[in-house]
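This briefing is for a reader new to the structure. It takes up one residue, then the ligand and its surroundings, then the nonpolar cores.

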Amino acid sequence: MLNVKILTIFPEMFPGFLGYSLTGKAMEENKWQLTAVNIRDYAFDKHKSVDDTPCGGGAGMIMRPDVLGRAIAENHTSGRIIYMSPKGTPLTQKKARELAKETELTIICGRFEGIDERVIEAFNIEEISIGDYILTGGEQAAQIMLDAVVRLLPGVLGNEASLEDESFENCLLEYPQYTRPIEWEGRMVPEVLLSGHHQKIADWRKQQSEIATKAKRPDLFKKYLDFKNS
Ligand code: SAH
């Protein structure tokens, strides 16, 4: 059971798309649960302000350490605290696997220009980025990260074996996939896949994975070769 606490100024954005499909079903089956905490509830003034102007000047607003700090202190019980941030370590399949082993996660979603740096230091917060681009808020990033994590929790995917061949496992992209009809608008499913010959199919898929990875993701292909030759 994974227990997730989200600290946000938009709790109504949750569970969002996590309430659908496999992740939604897993939530109904209590394989994970999510509580969205409104950071505004921890504000000190009657306007419920959570942000202020940047010290040293510049555009935008920064989330206040006193309000956010109080929200964390009153909600975090145990486990990692993560701040969704473009300055964080990139989210990878490996990272998702690591997080899927946890039982408690507290996730902070930033807004505006981000959060006061002292909060990150004070609570020893881990920063995770979902890619080299800037979003308007951490809520979207948190949902993407949790989608990748929750599908890896035990029993969430019907067929656990289907995980092993997926893109990024073993540093290779997945081979091309086909389904019926066998002929569509003059295009045929590759014959080997209809042969029933398991070894030949496995060999073809491996070869196709290598070709696709080399062409589409040379960076990943290099890692694959290094791993293979080590
Ligand atoms: N001024 C900041 C960007 C703030 S974007 C900077 O240049 O680093 C506002 C919020 O959106 C951030 O606090 C963060 O929580 C979230 N966010 C934006 N891009 C993100 C990304 N690539 N990965 C994770 N979170 C992101």
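**Briefing**

Strand β5, which spans residues 80–90, contains K87. The model is a predicted one. Strand β5 also supplies four residues to the shell around the ligand, the largest share, and is among the elements that give two or more residues to the largest nonpolar core.

**K87**

- K87 has a relative accessible area of 67% and is therefore exposed, since the cut-off for that class is over 50%.
- Apart from neighbours within four places in sequence, K87 is in contact with E117 and E127.
- Between K87 and S129 there are 6.4 Å in space, C-alpha to C-alpha, although the two are 42 residues apart in sequence.

**Residues around the ligand**

- There are 19 residues around the ligand, and those that come nearest are Y83, M84, E113, G131 and Y133.
- Sorted by class, the shell around the ligand consists of ten nonpolar, eight polar and one charged residues.
- At least two residues of this shell come from each of β5, β7 (126–129) and α5 (138–150).

**Polar contacts and cover of the ligand**

- An oxygen atom of the ligand lies 2.5 Å from a backbone N or O atom of M84.
- For S85, a backbone N or O atom is 3.3 Å from a nitrogen atom of the ligand.
- A polar backbone atom of G110 is 3.0 Å from an oxygen atom of the ligand.
- On its own the ligand has 560 Å² of accessible area, and the protein covers 87% of this.

**Nonpolar cores**

- The largest nonpolar core is made of 29 residues, and the ones with the most contacts inside it are I6, W32, M84, I107, M145 and L146.
- Two or more residues of this core come from each of β1 (2–8), β2 (32–38), β5, α3 (93–99), β6 (104–109) and α5.
- The element that gives the most to this core is α5, with six residues.
- L146 touches V4, I6, L18, W32, L34 and I107, leaving out residues up to four places away in sequence.
- A second core, separate from the largest, has 19 residues, including I39, V50, V67 and V119.

**Where the topics meet**

- M84 is one of the residues that come nearest to the ligand, and M84 is also among those with the most contacts inside the largest nonpolar core.
- Helix α5 supplies at least two residues of the shell around the ligand and gives six residues to the largest nonpolar core.

Conventions
Residues are numbered from 1 along each chain as its sequence is written. This is a predicted model: local features need pLDDT of at least 70, side-chain atom pairs count only at pLDDT 80 or more; totals for chains, interfaces and linings use all residues. Side-chain values use heavy atoms; hydrogens and water are left out. Buried means under 20% relative accessible area, exposed over 50%, partly exposed in between (1.4 Å probe, protein chains only). Contact means heavy atoms within 4.5 Å. A residue is near a molecule or strand if one of its heavy atoms lies within 4 Å of it. A polar contact is a pair of N or O atoms within 3.5 Å; within protein, one must be able to donate a hydrogen and the other to accept it, and residues adjacent in sequence count only if both atoms are side-chain atoms. Accessible areas come from the Shrake-Rupley method with a 1.4 Å probe; for residues, only the protein chains shown count as cover. Ala, Val, Leu, Ile, Met, Phe, Trp, Tyr, Cys and Pro count as nonpolar, Asp, Glu, Lys and Arg as charged, and the others, Gly among them, as polar. A nonpolar core is a set of buried Ala, Val, Leu, Ile, Met, Phe, Trp, Tyr and Cys residues joined through side-chain atoms within 4.5 Å.
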